[in-house]
Amino acid sequence: MEFGADDAWDEVPALPAPEGAGQDACLLVSLREFLAGGRFGGVRLGMNKDEVMALAGHPAMFGSGPGAEREFDPQGVWMNGKTTFWFNAGILERIGVYYTLAYPANKAIVYDAPFPQAGAGVASLRSFMQEHGIGFAHRPDVPGASRDSLWTAGGVEIVVVSDGAIGSLVYPPVLTGRAGKRFADELPAQTETRSSRLVRHRI
């Protein structure tokens, strides 16, 4: 499922979680593992809410998302500081790290030191991926995409905002149109070298 501007459930107000919820769990997330293959600590796409909560703690805030049989789920989006988990019918289908949003944090998710801080430029991530052999390439020319935005060979979309700062890291990418679908099909075999050539690469 793609989350577009026309999805009515985006407009439903978020609901706060109980005070103090989610303080016990501790999920350590590695930037290298996330960019290389979408591995977010022990959290995996396809998990249900109970499985995610056991690893990442109770969300600091809820938002609405798609539920079973196209019904709204008032707790279908979980926000934990800069982390957002998107569920579809109770199953995790997207993970996002957002640097332009300010949600409460449940303090259960810990990012390792290489994770960029708010306001960091995309150049730091490019250097990190080159150093660790993580393939990446420019996102295809699709509506609304920054020309500087990147997709990693592991399937993570690095959204770059207008000032060159990192806006978000999203797995899997939000596919838009034929160009996005075609590009995604080719991602596992792509990387960008310092000379900006696309070459075959295995992570």
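On one side of helix α2, Asp50 and Ala54 are exposed. This is a predicted model, so every position described here is a computed one. Across the same helix, which covers residues 49-56, Lys49, Val52 and Ala56 are buried. Why can we speak of a buried face here? Looking down the axis of α2, the buried residues keep within an arc of 65°, so they line one face of the helix. The cover over these buried residues includes strands β2 (27-29), β4 (72-80), β5 (83-88), β6 (91-98) and β7 (109-111).

The two ends of α2 are worth a look as well. At its start, a side-chain oxygen of Asn48 comes to within 3.1 Å of the backbone nitrogen of Asp50. After the helix comes Gly57, with a positive phi near 80°. Lys49, one of the buried residues of α2, lies over the face of Phe87, at 5.8 Å from the ring centre.

From Val52 we can step into the interior. Val52 is among the residues with the most contacts inside the largest nonpolar core, a set of 36 residues; Phe34, Leu35, Phe40, Phe85, Ile158 and Leu169 share that description. Apart from this core lies another, of 6 residues, including Met61, Val77, Trp86 and Val170.

Now follow the aromatic rings, starting from Phe40. Phe40 is buried, with a relative accessible area of 0%, and Phe85 is buried too. How are the rings of Phe40 and Phe85 arranged? They form an edge-to-face pair, 5.8 Å centre to centre and with 90° between the planes. Phe40 sits in the loop between α1 (31-37) and α2, while Phe85 belongs to strand β5, so their pairing ties together parts that are 45 residues apart in sequence.

Phe40 has a further partner in Tyr111: the ring centres are 6.1 Å apart and the planes meet at 75°, so this pair is edge-to-face. Here the link runs from the loop between α1 and α2 to strand β7, across 71 residues of sequence. Tyr111 is buried, with a relative accessible area of 17%, and Lys82 lies over the face of its ring, at 4.4 Å from the ring centre. Phe34, Phe40, Phe85, Tyr111 and Phe115 together form one aromatic cluster.

Ile158 offers another way into the core. Beyond its neighbours within four places in sequence, Ile158 is in contact with several residues, among them Leu35, Val122, Met129, Ser149 and Leu169. Ser149 lies in the loop between β8 (136-138) and β9 (150-152). Is Ser149 buried or exposed? Its relative accessibility is 2%, so Ser149 counts as buried. A polar atom of the Ser149 side chain lies 3.0 Å from the backbone nitrogen of Val160.

Strand β3 (residues 61-66) holds Gly63, which is buried, with a relative accessible area of 6%. The C-alpha atoms of Gly63 and Met79 are 7.6 Å apart, although 16 residues separate them along the chain.

Two backbone details round off the tour. In the loop between β5 and β6 you will find Ala89, whose phi is positive, near 55°, in a residue other than glycine. Ala89 is partly exposed, at 42% relative accessible area. Further along, a cis peptide bond joins Tyr171 and Pro172, with omega about -10°; Pro172 lies in the loop between β11 (166-171) and α4 (177-186).

Note on methods. Residues numbered from 1 in each chain as written. Predicted model: local features only at pLDDT ≥ 70, side-chain atom pairs only at ≥ 80, totals over all residues. Heavy atoms only, no water. Helix = DSSP H or I, 4+ residues; strand = E, 2+ residues; numbered from the N terminus. Buried < 20%, exposed > 50% of the residue type's maximum accessible area, 1.4 Å probe, protein only. Polar contact = N/O pair within 3.5 Å; in protein donor to acceptor, adjacent residues only side chain to side chain. Core = buried A, V, L, I, M, F, W, Y, C linked by side-chain atoms within 4.5 Å. Contact = heavy atoms within 4.5 Å. Arc of directions from axis to C-beta. Phe/Tyr/Trp six-rings, centres within 6.5 Å; stacked < 30°, edge-to-face > 60°. Lys NZ or Arg CZ within 6 Å of the ring centre and 35° of its normal.
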